[in-house]
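User: I should like to go through this model by way of short questions. Please reason each answer out from the coordinates.

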Amino acid sequence: MSANKAPAQDNGSQVDRGMTQTTARSTRQSWRGQPFSLNALLPLITSSVVELYSERIEPLFFKNKLRQRLHAYGLSDRTLAPVLTIDCVQQCQCGTPICRKMITSYEETFSDFYSAARPHKRSQAKLTTLHAIDLNQYKSYDDYKKEIAKKSGNFVRDAKKAFREGYRVHLIEPSNHSPDIVSIHRSLKIRSFGLMPDAFFINIDHLGGLPKSFAEIQQPSCPQHWEYLFGVFADRPGYQQGAIQTDQHMLGYARLHRIGNTLFYRDFIGHGDYVAHGIMKLLHMEIMQWVLDPANVFTQDTSQMVYGAMERGSEGLFTWKRRSLFAPYLINLIVQSLPADFDAQDYLRLNPDIDNRKMPPEVHYKLHGQSEKRHYKISVPDDFDAANYLRLNPDVKCSPEDAALHYTKHGSAENRRY
Ligand SMILES: [Zn+2]
């Protein structure tokens with residue numbers, strides 16, 4: 001759907017650092033193997049700095065931030081926060097590659113959050129707290145708007161003001177607005193969630209070049225797993241993006257994912273010169289109206305809307321999120337189960353093409369192995385005799401230790417005698 005990155009290719013890390021971290025990783029990968037040049041080196045350096053910051057430096061402040069920020073919600077400890085159940089699969093039956101990728105990568109993402117069930121003894125300090133809106137608390141958009149106005153009148157007022165000034169929000173196909181996306185990313189070098197590597201090197205080629213013809217918004221194939229982008233615009237008659245005339249200047253956008261019962265702000269980014277006009281508040285309010293519309297089939301049966309981790313980002317971002325009613329939650333993560341008899345060692349032996357340094361065998365199975373119908377357990381009949389098997393099948397050239405492996409992989413399907 002998106003011109004630069006389809007959801008299926010994302011790592012799906014949370015949005016506070018998601019922009020920075022995912023970009024850091026994908027940048028590294030995309031430059032690997034290309035001829036050395038200064039242009040290639042610059043993003044590598046900036047993304048390494050960002051990765052260092054979000055992985056090593058920022059967590060040093062989590063403990064203090066956690067205490068202070070929980071206090072803002074009247075909580076003395078995060079174990080007292082309410083629980084949200086996250087089910088990345090939900091009713092999805094279609095199992096398209098996009099569904100599988102989103103499910104697997106988001107299950108990884110959500111396992112970085114402090115959970116209600118698991119003890120998390122080892123690296124407690126690194127686990128962050130889910131910052132989310134419990135959608136079940138609001139029967140309608142009006143309910144949400146009333147609640148937000150009660151707690152922080154400014155937020156709704158600012159959004160209304162932006163609307164009065166002529167700013168408008170609608171769904172977008174990002175390839176129609178690639179030049180605007182580049183200038184939004186370049187408009188600020190440092191944002192409330194840290195340094196922006198994109199700001200230094202993003203260019204139009206990364207987004208597939210200038211628009212040549214108008215592209216339609218693509219409808220997702222699965223109602224439970226999708227990506228939609230929303231833009232906030234100012235009218236500018238005659239405004240061009242490449243070869244197409246949009247008549248509107250895009251000043252900010254949000255990339256919203258649905259993974260099962262959960263909505264997730266993957267990107268939420270505005271142009272530095274316009275954010276003071278309330279455009280991002282308007283963008284969020286309009287998205288919430290879309291989300292809470294009972295007639296919207298794409299958001300039916302969603303339970304929460306997540307915007308990264310409470311500990312991440314500046315005080316400004318935290319205050320913004322608190323005013324729009326994001327709150328700390330413990331998560332109860334329902335993970336897709338592996339087959340009961342799944343054996344990671346066997347899986348690697350049966351599939352020597354898998355490099356377990358790149359991906360744990362469990363993740364590989366969920367992501368690829370299951371749909372490719374790969375074997376995951378060495379199993380032979382009770383009366384299987386390795387020596388006999390090799391004698392009866394002289395074309396099988398393997399050691400007696402590997403006879404069971406060979407039988408599981410080939411012999412059984414080939415009705416070989418044993
Ligand atoms: Zn699906």
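User: In which sense do E10 and E11 pair, and over how many bridges?

Analyst: This is a predicted model, and the strands concerned are E10 (residues 262-270) and E11 (residues 304-309). Within this pairing, Phe 264 has Val 306 as its bridge partner in E11, and Thr 262 stands opposite Gln 304. The two strands pair in the parallel sense, and the number of bridges is three.

User: Which strand is joined to E11 by four bridges, and in which direction do the two run?

Analyst: One residue pair that identifies the partner is Ile 133 with Met 305, the latter in E11. The strand with four bridges to E11 covers residues 130-134, and the two run antiparallel. The strand asked for is E2.

User: How many residues of E11 are buried, and how many of E10?

Analyst: A residue counts as buried when 20 or more other C-beta atoms lie within 10 Å of its own. E11 is mostly covered, with six of its six residues buried. E10 is likewise mostly covered. For E10 the count is eight of nine residues.

User: What is the strand order of the open sheet of eight strands?

Analyst: Part of the order can be built from the pairings: E2 is joined to E11, E11 pairs with E10, and E10 pairs with E9. The pairing in the sheet is mixed, and the full order is E1-E12-E2-E11-E10-E9-E6-E3.

User: Which strands stand at the edges of that sheet, and why is one side of each left without a neighbour?

Analyst: Each edge strand has a single partner strand, so one side of it has no neighbour in the sheet. The twist averages 40° from one strand to the next. At one end, five bridges join the edge strand to E12 (residues 327-334) in a parallel run, with Asp 87 bridged to Ile 334. The edge strands are E1 (83-87) and E3 (168-172).

User: In which sense do E9 and E10 pair, and which residue of their hairpin takes a positive phi?

Analyst: E9 and E10 pair over eight bridges in the antiparallel sense, and Leu 256 has Tyr 265 in E10 as its bridge partner. The hairpin has two residues between the strands. The residue there with a positive phi, near 65°, is Gly 260.

User: Is Arg 255 buried or exposed?

Analyst: Arg 255 is placed in strand E9 (residues 248-259). Leaving aside neighbours within four places in sequence, its contacts are Glu 227, Leu 229, Arg 266 and Asp 267. Since the cut-off for a buried residue is 20 or more other C-beta atoms within 10 Å, and Arg 255 has 23, Arg 255 is buried.

User: How far apart in space are Arg 255 and Ile 269?

Analyst: In sequence, Arg 255 and Ile 269 are 14 residues apart. From C-alpha to C-alpha, the distance between them is 9.0 Å.

User: Which loop residue between E8 and E9 has a positive phi although it is not a glycine?

Analyst: Most residues other than glycine have a negative phi. The loop in question lies between strand E8 (244-245) and E9. The residue there is exposed, with 12 other C-beta atoms within 10 Å, and its phi is about 60°. The residue is Asp 247.

User: What is the phi of Asp 301?

Analyst: Asp 301 lies in the loop between helix H9 (279-291) and E11. Asp 301 is partly exposed, with 13 other C-beta atoms within 10 Å. Its phi is positive, in a residue other than glycine, and is near 65°.

User: How are H4 and H12 oriented to each other?

Analyst: Helix H4 (residues 97-110) and helix H12 (residues 361-369) pack with their axes 9 Å apart, at an angle of about 160°. Arg 100, Lys 101 and Thr 104 in H4 meet Val 363, Lys 366 and Leu 367 in H12; by class, this contact has two nonpolar, one polar and three charged residues. The crossing is right-handed. An angle over 145 degrees counts as roughly antiparallel, and the two helices are therefore roughly antiparallel.

User: Which helices are included in what covers the buried residues of H14?

Analyst: In helix H14 (residues 403-411), the buried residues include Ala 403, His 406 and Tyr 407. Their cover includes helix H11 (344-350) and helix H13 (386-392).

User: What share of the protein chain counts as buried?

Analyst: The protein chain holds 14 helices and 12 strands. Among contacts between residues at least 6 apart in sequence, 75% join residues at least 24 apart. Of the 418 residues, the share that counts as buried is 40%.

Terms used. Residues are numbered from 1 along each chain as its sequence is written. This is a predicted model: local features need pLDDT of at least 70, side-chain atom pairs count only at pLDDT 80 or more; totals for chains, interfaces and linings use all residues. Axes are lines fitted to C-alpha atoms, for helices over the stretch in contact, and angles run from 0 to 180 degrees between N-to-C directions. Angles under 35 degrees count as roughly parallel, over 145 as roughly antiparallel, 65 to 115 as roughly perpendicular and the rest as oblique. A crossing is left-handed if the near helix is turned anticlockwise from the far one by less than a right angle, and right-handed if clockwise. Two residues are in contact if their C-beta atoms, placed from the backbone, lie within 7 Å. Ala, Val, Leu, Ile, Met, Phe, Trp, Tyr, Cys and Pro count as nonpolar, Asp, Glu, Lys and Arg as charged, and the others, Gly among them, as polar. Two strands pair if DSSP finds at least two bridges between them.
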